[in-house]
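Open the model in your viewer and keep the selection panel at hand. This tour tells you what to select next and what is there.

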Amino acid sequence: MRQIAEALLQIEAITLSPDNPYTWSSGLKSPIYCDNRLTLSYPDVRNLIVDALVEVIRPLDADVIAGTATAGIPHATLVADRLGLPLVYVRSSAKGHGKGNQIEGRFEPGARVVVIEDLLSTGSSSIAAAKAIQKTGGEVIKIQAIFSYGLDRFLINLLDSEFTAHALITLLDVLDVAVKKRIISKEEVASLREWRNDPTGWSERVLSS
């Protein structure tokens, strides 16, 4: 999966900036930003990711592929098409009009479903999507993401749920490539590892400096 880490860094779908951190919607400061939607504009990178997703999903004998709205939908669509499987997508909440659907598309009760997410941070949105599928009668056999920060909060949330989740690559994979490619220094890697271990504490130190 090193190839995927290299590709995401090259097209700047993942950018690292420990000295000039980004601000997340939560207000937290972060030395990393990931936007896997950029991969859609690069056919070679897009296919690299879809090939990897298909490789890990095909042996699971899934009946349905589900994408999380909105960032997980494009890759879920490509994977479902490649595998010849039905596709659904899961909203963060039910629509406030029409039929009030949270899940768009159909599957039979007991269907084996793989949920595709672009990014795992705390895992809350992915787990919520999996619970919505479960509530509708589907059996979620795996949550599969492209990238994961590998945060402790994600592991805790996952343990509290009954689901299995994996990512093609993690932050540690990206950092390994970034150092070897001299995109960041070893000192900057140390800062990024500190953030991964304690995002809130790292952010508070940045904000107070």
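Start with three classes of residue: Ala, Val, Leu, Ile, Met, Phe, Trp, Tyr, Cys and Pro count as nonpolar, Asp, Glu, Lys and Arg as charged, and the others, Gly among them, as polar. They are used at the pocket below. The model is predicted: local features need pLDDT of at least 70, side-chain atom pairs count only at pLDDT 80 or more, and totals for chains, interfaces and linings use all residues. Residues are numbered from 1 along each chain as its sequence is written, and side-chain values use heavy atoms, with hydrogens and water left out.

**Stop 1: the whole chain**

Show the cartoon. The chain has eight helices and 10 strands. These are DSSP runs numbered from the N terminus: helices are H or I with at least four residues, strands are E with at least two. The radius of gyration is 18 Å, close to the 17 Å that the globule rule gives for 209 residues, so the chain is as compact as a globular protein of that length. That radius is taken over C-alpha atoms, and the rule is 2.2 Å times the number of residues to the power 0.38. Along its principal axes, the C-alpha trace spans about 55 × 35 × 30 Å.

Of the 209 residues, 46% count as buried. Buried means under 20% relative accessible area, exposed over 50%, and partly exposed in between, with a 1.4 Å probe and protein chains only. Now consider contacts, meaning heavy atoms within 4.5 Å. Among those between residues at least 6 apart in sequence, 61% join residues at least 24 apart.

**Stop 2: the largest pocket**

Select Leu119, Ser121, Thr122, Ser125 and Tyr149. Of the 39 residues that line the largest pocket, these are the closest to its centre. The pocket holds about 830 Å³ of space. A pocket is found on a 1 Å grid over the protein atoms alone; it is an open set of points where a 1.4 Å probe fits, with protein on both sides within 12 Å along at least five of seven lines, and lining residues have an atom within 4 Å of a point. Grid points are joined across faces, edges and corners, and the volume is the space filled by probe spheres set on the points.

Colour the lining by class: 14 residues are nonpolar, 16 polar and nine charged. Which element gives the most to this lining? Helix 4 does, with five residues. Other elements that give two or more include strand 4 (32–34), strand 8 (112–120) and helix 7 (186–197).

**Stop 3: helix 1 and the largest core**

Select residues 2–10, which form helix 1; its buried residues are Ile4, Ala5, Ala7, Leu8 and Leu9. What covers them includes strand 1 (14–16), helix 2 (43–57) and strand 9 (139–148).

Leu8 also leads into the largest nonpolar core: it is among the residues with the most contacts inside that core, along with Ile14, Leu16, Ile32, Ile65, Val79 and Phe147. A nonpolar core is a set of buried Ala, Val, Leu, Ile, Met, Phe, Trp, Tyr and Cys residues joined through side-chain atoms within 4.5 Å. This one has 44 residues. Helix 2 supplies the largest share, seven residues.

Centre on Ile14. Leaving aside neighbours within four places in sequence, Ile14 contacts Leu8, Leu9, Ile32, Tyr33, Cys34, Phe147 and Val174.

**Stop 4: the other core**

Apart from the largest core lies another, of 22 residues, among them Val113, Leu120, Ala145 and Ala165. Select Val113, in strand 8. At 0% relative accessibility, Val113 counts as buried. Beyond four places in sequence, Val113 touches Val64, Ala66, Ile133, Gly138, Glu139, Val140, Ile141 and Lys142.

**Stop 5: Glu188**

Go to Glu188 in helix 7. Glu188 is partly exposed, with a relative accessible area of 21%. Not counting residues up to four places away, Glu188 touches Pro18 and Asp19. Glu188 and Leu16 are 172 residues apart along the chain, yet their C-alpha atoms are separated by 9.1 Å.

**Stop 6: backbone exceptions**

Most residues other than glycine have a negative phi, and most peptide bonds are trans. Select Glu12, where phi is positive, about 65°. Glu12 sits in the loop between helix 1 and strand 1 and counts as exposed, at 53% relative accessibility.

Next, Asp61: phi is near 55°. Asp61 lies in the loop between helix 2 and strand 5. At 54% relative accessibility, Asp61 counts as exposed.

Finish at Ala69 and Thr70, joined by a cis peptide bond with omega about 0°. Thr70 is in the loop between strand 5 (64–68) and helix 3 (73–83).
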